[in-house]
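Trainee: I am new to this structure and would like to go through it step by step. Please show it, and then I will ask my questions.

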Amino acid sequence: MTMTKVKIGIVGTGFIATILAPQIQSSKKARLDAVSSRTLAKAESFVANYPGAIAVEGADQLIARDDVDAVYIATPTSAKEDVASRALTAGKHVLIEKPLHSAASFKRLSALARQKGLVLMDATHFVHHPRTSAMRQRLAALIGAPRSLHTMFYFPFSNRENIRFDPSDEPMGAAGDMAWYSMRAVVEYLAPDALEDIKVFADLIRNGDAAEREIWLSATEKTQVFLDAIWQEIQTQTRASPAMTPQVNMRENP
């Protein structure tokens, strides 16, 4: 029996789209069908690396295509809700890149998706990774009831011309771009709706502060080693007991 692939269109040709596009193209369950940009030339340059994908100018033309089942939105944050709303209204499933600029924005999109009977997902990778689901299922056995969470996210970035530094395009700045992962970890592992008291502490390390940066990177490495060890233990136990095979939890979350 031949499986029908989900035909995906990408709105936006920036850096994050170049990361996801090859993953879509290599999937056994999906294919890259079309890519749109504000200029046709950019879209054509992008699809040159993906045989079979069509270049179109503007999000509206991509959304209007009958051969697109789902739309991945990789635009600046300022445009995401508008594009997602149009895609849902047109009957397309939506995968939207993080962040969204507010909880209210997500609630509006979520209500529209429910009304249309469509899938709306955010593209926060680790949330949908099997390791996250497996760790959530095993938290009580591994560490008991979690009372605190130390979460870190970092990447070096100094290009001041990037849209991340433009509040008109990215109103949430670094908090939305990077701290999003940390806050999602709180949601996934601490279930904050069940907690009575939540305190959040943050550190800012500026460029040039070499000593603080080395301390931070060292802590990050230790955290990664710890997570890898937990994941390895889960996989070992899963192989020993097939009934414990972790399932990916594809949940709808802001």
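Mentor: Helices (H or I, at least four residues) and strands (E, at least two) are DSSP runs, numbered from the N terminus. Keep in mind that this is a predicted model.

Trainee: How many helices and strands does the chain have?

Mentor: The runs are numbered from the N terminus, helices and strands alike. Counted in this way, the chain has nine helices and six strands.

Trainee: In what order do the strands lie in the sheet?

Mentor: The six strands form an open sheet with parallel pairing. Its edge strands, each of which pairs on one side only, are β3 (54-57) and β6 (120-122). Neighbouring strands are turned by 25° against each other on average, direction ignored. The order is β3-β2-β1-β4-β5-β6.

Trainee: Which residue of β6 is the bridge partner of Leu95?

Mentor: Strand β5 covers residues 93-96 and pairs with β6 in the parallel sense, over three bridges. In β6, the bridge partner of Leu95 is Met121.

Trainee: What is the bridge partner of Val6 in β2?

Mentor: Strand β1 (residues 6-11) and β2 run parallel and are joined by six bridges. For Val6, the partner in β2 is Ala30.

Trainee: Why is β2 largely enclosed by the rest of the structure?

Mentor: A residue counts as buried under 20% relative accessible area. Strand β2 is largely enclosed because, of its eight residues, the number buried is seven.

Trainee: At about what angle does helix α2 run to β3?

Mentor: Helix α2 takes up residues 40-47 and lies across two strands, β2 (30-37) and β3. Angles run from 0 to 180 degrees between N-to-C directions. For α2 and β3 the angle is about 165°.

Trainee: Is Ala21 buried or exposed?

Mentor: Ala21 is found in helix α1. Leaving aside neighbours within four places in sequence, Ala21 is in contact with Ile10, Leu32, Phe46 and Tyr50. Its relative accessibility is 0%, so Ala21 counts as buried.

Trainee: How many Å apart in space are Ala21 and Val35, C-alpha to C-alpha?

Mentor: In sequence, Ala21 and Val35 are 14 residues apart. In space, their C-alpha atoms are separated by 9.5 Å.

Trainee: Which residues form the nonpolar patch on the surface?

Mentor: One member, Ile16, sits in helix α1 (residues 15-26). Ile16 counts as partly exposed because its relative accessibility is 32%. The patch has about 290 Å² of accessible area together, and its residues are Phe15, Ile16 and Ile19.

Trainee: How many salt bridges are there?

Mentor: A salt bridge needs a side-chain nitrogen of Lys or Arg within 4 Å of a carboxyl oxygen of Asp or Glu. By this rule the count is eight.

Trainee: How many residues apart are Glu81 and Arg108?

Mentor: The side chains of Glu81 and Arg108 meet in a salt bridge at 2.6 Å, N to O. Glu81 belongs to helix α4 (residues 77-89) and Arg108 to helix α5 (residues 103-116), so that the pair links distant parts of the chain. Their separation is 27 residues.

Trainee: Of Glu81 and Arg108, which counts as buried and which as partly exposed?

Mentor: Relative accessibility is 17% for Glu81 and 45% for Arg108. The cut-off for buried is under 20%. Arg108 therefore counts as partly exposed, while the buried one is Glu81.

Trainee: Which residues are joined into one network by salt bridges that share partners?

Mentor: Arg184 and Asp122 meet in a salt bridge at 2.9 Å, N to O. That pair links helix α8 (residues 179-190) with strand β6 across 62 residues. Arg184 also meets Glu188, at 3.5 Å. Shared partners join the network of Asp122, Arg136, Arg184 and Glu188.

Trainee: Are Arg184 and Glu188 buried or exposed?

Mentor: Being four residues apart in helix α8, Arg184 and Glu188 are separated by about one helical turn. Both are buried.

Trainee: What percentage of the residues in the chain is buried?

Mentor: The accessible surface of the chain is about 15600 Å², and 56% of that belongs to carbon and sulfur atoms. Of the 254 residues in the chain, the buried ones make up 34%.

Methods:
Residues are numbered from 1 along each chain as its sequence is written. This is a predicted model: local features need pLDDT of at least 70, side-chain atom pairs count only at pLDDT 80 or more; totals for chains, interfaces and linings use all residues. Side-chain values use heavy atoms; hydrogens and water are left out. Two strands pair if DSSP finds at least two bridges between them. Contact means heavy atoms within 4.5 Å. Buried means under 20% relative accessible area, exposed over 50%, partly exposed in between (1.4 Å probe, protein chains only). Patches are made of residues with over 30% relative accessible area and no salt bridge: like charges are joined within 9 Å, nonpolar side chains (Val, Leu, Ile, Met, Phe, Trp, Tyr) within 5 Å. Accessible areas come from the Shrake-Rupley method with a 1.4 Å probe; for residues, only the protein chains shown count as cover.
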